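Please look through the sequence and the model shown here before reading the notes that follow. They move from one pair of residues to the wider picture, and then to how far the prediction can be trusted.

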Amino acid sequence: MGMEENNLKKIKKIKIKLKHSQKIKKFGQKLYLCCSNFQNNTLWESASSCSFGFIFSFIPLVLIILTILTGIFRISPGIINYTMKFADTIQSIVDINPFIQTILNMKTFHAIDIVLAFWIIWMARKLFISIMQAMTKIFRSVSKRKNILNQLFVFLLEFLIVVIIAAVIIFSFVMNQLVTSSSFDQVREFFPKIVNENSHHIVTLIMYFVIFICTIFVYRIMAGTKPPVLLCILYAALNVLAFFLISLLINKFTNLTKYNVVYGTISSLVILMMRVYFFFVFFLFFAQMIYVSQFFDTLLLSEIYLLPTIETKGLMPSFRRMMFVNPAALKTTENSKFYKAGDLIFTKGDSAEQIYYIRKGKIMEETETSPVFHESGEFVGEAQCILNQPRIGNCLAVQDSKLLVFSKDEFMDLMQKSPKAASKAISKISEETATIYNA
């Protein structure tokens with residue numbers, strides 16, 4: 001018997017291959033669920049919080065990175081000059097040249113300097129705290145960590161970022177020295193824009209690659225649900241691509257001279273915040289897409305259970321019915337059933353081990369008071385299933401009908417993961433109980 005049940009479970013997992021139009025509709029359903037959850041989780045505000053966290057963490061981290069560079073590599077005048085050029089590029093945001101000069105004038109480092117460095121990293125963890133709070137909003141139903149582990153995890157990430165950015169600056173310096181050497185003279189003649197001494201293409205490419213790798217890491221680790229690596233790679237790539245395109249638009253349409261009049265010396269900081277905000281909007285949007293993709297079947301089942309009735313008026317209810325009333329993505333070789341008009345679906349006294357969803361057609365359910373007719377987009381039989389009671393009447397197809405059949409375990413799992421679905425089920429049980437009581 002146990003072997004038969006295991007075989008049945010394996011059969012139920014075999015999905016029916018979707019047609020091209022159904023695949024497009026499935027993508028539309030994912031996009032709708034992502035946008036809906038993005039709005040419900042107020043991720044617009046989370047993106048703003050992350051961008052402010054970045055600004056507050058950015059300056060302390062830059063100081064730590066420059067301390068590392070100027071302290072360890074002071075023996076190389078070339079890398080010091082390269083670091084000074086980097087300082088000039090962010091001078092409109094914060095002038096760190098005096099800080100670099102102070103570091104250069106120091107002969108040795110003391111233990112207190114190391115302690116202060118770690119303290120700055122600890123105090124500058126607002127960025128990662130904001131990111132973790134946003135990820136918790138997205139994956140809250142399946143991911144829970146203790147607060148002390150959150151703090152430790154944030155600190156380690158902050159320290160890792162310092163090391164990565166310092167390594168990138170060092171690597172970009174090495175690449176810059178390499179491509180400007182005499183051995184690259186012939187290459188520069190063919191690719192002047194790529195290996196030109198004043199070109200930042202290589203450094204930019206490296207920075208985007210670092211963002212890509214860090215995004216994969218955050219999607220995979222911070223989610224707490226262990227999403228598939230390929231899924232993380234896909235949405236990390238889309239995140240970086242979207243950020244690259246929005247950066248091009250900002251560069252093209254933003255006139256810094258106008259912002260200098262309005263904001264004065266902080267205009268560069270305002271533009272930086274704009275870029276960072278859009279980055280986190282895309283970052284959180286694709287994180288939400290990972291959640292939707294990972295738990296699509298449960299979210300889709302919840303959506304069709306909460307589907308508005310056909311009598312509900314309005315543009316949005318009509319759109320939701322159009323998108324979800326026929327959820328082909330949930331069809332398997334076992335749960336897709338067809339009944340001709342007059343066919344019996346279940347009989348009075350049967351054990352309520354299944355719940356029926358009407359994809360198309362019309363069925364009639366006998367109750368203790370009067371027959372109830374159900375049409376496409378409605379569920380039948382969940383009350384007896386939840387209460388573990390036998391069927392109170394026969395149920396038959398009034399028209400040729402296509403149904404999806406869900407097991408009791410699947411439906412109870414939905415009740416645990418979707419508070420709204422559980423609330424609707426309880427309301428339906430209350431209505432049926434009140435009807436029987438009044439009769």
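Met364 has Leu396, a residue of strand 7, as its bridge partner. The two strands that pair in the antiparallel sense over three bridges are strand 4, residues 362-365, and strand 7, residues 395-397. The model is a predicted one, and the mean pLDDT of the protein is 75.

**The sheet**

- An open sheet of four strands, with antiparallel pairing, follows the order 2-7-4-5.
- Strand 2 (344-346) and strand 5 (372-375) are the edge strands of this sheet, and each of them pairs on one side only.
- From one strand to the next, the twist averages 30°.

**Helix 16 and its two sides**

- Helix 16 spans residues 315-324, and its buried residues are Pro317, Arg320, Arg321, Met323 and Phe324.
- When helix 16 is seen down its axis, the buried residues fall within an arc of 165°, so they line one face of the helix.
- As general background, an α-helix has 3.6 residues a turn, so residues three or four places apart point the same way.
- Leu315 and Met322 lie on the other side of helix 16, where they are exposed.
- The buried residues of helix 16 are covered by elements that include helix 2 (20-40), helix 15 (296-305) and strand 3 (354-360).

**Asn335 in its loop**

- The loop between helix 16 and strand 1 (336-339) contains Asn335.
- Is Asn335 buried or exposed? Asn335 counts as buried because its relative accessibility is 7%, and the cut-off for buried is under 20%.
- A polar atom of the Asn335 side chain lies 2.8 Å from the backbone oxygen of Leu330, and the side chain of Asn335 also reaches the backbone nitrogen of Thr332, at 2.8 Å.
- If neighbours within four places in sequence are left aside, the residues in contact with Asn335 are Leu330, Leu403, Leu404, Val405 and Phe406.

**Confidence in the prediction**

- Across the protein, 62% of the residues reach a pLDDT of 70 or more.
- Among the elements of the protein, helix 2 has the highest mean pLDDT, at 92, whereas helix 1 (residues 2-12) has the lowest, at 40.
- Over residues 1-12 the pLDDT stays under 50, and for this stretch the model has six contacts beyond four places in sequence.

Methods
Residues numbered from 1 in each chain as written. Predicted model: local features only at pLDDT ≥ 70, side-chain atom pairs only at ≥ 80, totals over all residues. Heavy atoms only, no water. Buried < 20%, exposed > 50% of the residue type's maximum accessible area, 1.4 Å probe, protein only. Arc of directions from axis to C-beta. Contact = heavy atoms within 4.5 Å. pLDDT = per-residue confidence, 0-100. Pairing = 2+ DSSP bridges. Axes fitted to C-alpha atoms, helices over the stretch in contact; angles between N-to-C directions. Polar contact = N/O pair within 3.5 Å; in protein donor to acceptor, adjacent residues only side chain to side chain.
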